[in-house]
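Here are some friendly notes to read with the structure open beside you. Take the points one at a time and find each residue as you go.

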Amino acid sequence: MTLADTGVGMDEDALGRIFEPYFSTKATGTGLGLTIAKRNVELHGGRIAISSERGAGTTVTVTLPTMSGAQGPKPS
């Protein structure tokens with residue numbers, strides 16, 4: 001699944017830190033949303049990738065395995 005916008009985009013510094021816990025470009029952001037999303041996608045055997053260009057928008061791609069290839073979380 002790919003989602004794209006035509007918003008303000010991010011510079012390279014922000015893009016490089018986007019999955020860091022507590023990093024946010026918003027004054028009221030917690031900086032946990034994308035960190036949690038990435039962890040959840042990876043726990044299900046998927047990947048999340050973000051590309052962005054300042055002034056041109058951002059594209060987020062989430063790739064998940066098919067049910068036959070899903071590994072899911074490892075038992076505790």
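**Notes on the model**

1. Let us begin with Thr35. Setting aside neighbours within four places in sequence, Thr35 is in contact with Phe19, Glu20 and Pro21. Thr35 itself sits in helix H2. Try finding Ile18 as well: Ile18 and Thr35 are 17 residues apart along the chain, and their C-alpha atoms are separated by 7.9 Å. Please keep in mind that this is a predicted model.

2. Now step back to the overall layout. The protein has two helices and three strands, and from the N terminus on the elements run β-α-α-β-β. Among contacts with a separation of 6 or more, 48% join residues that are 24 or more positions apart.

3. Next, the loop between helix H1 (12-17) and H2, where you will find Tyr22. What is the phi of Tyr22 near? The value is near 75°, which is positive in a residue other than glycine. For background, most residues other than glycine have a negative phi.

4. Is Tyr22 buried or exposed? Tyr22 counts as exposed because its relative accessibility is 63%, and the cut-off for exposed is over 50%.

5. Let us turn to the inside. Of the 76 residues in the protein, 20% are buried. The largest nonpolar core has five residues, namely Met10, Ala14, Ile18, Phe23 and Ile50. In soluble globular proteins, nonpolar side chains tend to be buried together. Looking at one core member, Ala14 touches Phe23 and Thr25 when residues up to four places away in sequence are not counted.

6. Then the surface. The protein exposes about 5,700 Å², and carbon and sulfur atoms supply 57% of that area.

7. Finally, the largest pocket, which holds about 520 Å³ of space. Its lining has 23 residues, and the closest to the pocket's centre are Met10, Ile18, Thr25, Lys26 and Leu34. You have already met Met10 and Ile18 as members of the largest nonpolar core.

8. Which elements each supply at least two residues of this pocket's lining? Helix H2 (33-43) and strand E3 (57-63) both do, and H2 gives the most, with three residues. Sorted by class, the lining of the largest pocket has nine nonpolar, 10 polar and four charged residues.

How values were computed:
Residues are numbered from 1 along each chain as its sequence is written. This is a predicted model: local features need pLDDT of at least 70, side-chain atom pairs count only at pLDDT 80 or more; totals for chains, interfaces and linings use all residues. Side-chain values use heavy atoms; hydrogens and water are left out. On a 1 Å grid over the protein atoms alone, a cavity is a set of points where a 1.4 Å probe fits but cannot get out, and a pocket is an open set with protein on both sides within 12 Å along at least five of seven lines; lining residues have an atom within 4 Å of a point. Grid points are joined across faces, edges and corners, and a volume is the space filled by probe spheres set on the points. Helices (H or I, at least four residues) and strands (E, at least two) are DSSP runs, numbered from the N terminus. Ala, Val, Leu, Ile, Met, Phe, Trp, Tyr, Cys and Pro count as nonpolar, Asp, Glu, Lys and Arg as charged, and the others, Gly among them, as polar. A nonpolar core is a set of buried Ala, Val, Leu, Ile, Met, Phe, Trp, Tyr and Cys residues joined through side-chain atoms within 4.5 Å. Buried means under 20% relative accessible area, exposed over 50%, partly exposed in between (1.4 Å probe, protein chains only). Contact means heavy atoms within 4.5 Å. Accessible areas come from the Shrake-Rupley method with a 1.4 Å probe; for residues, only the protein chains shown count as cover.
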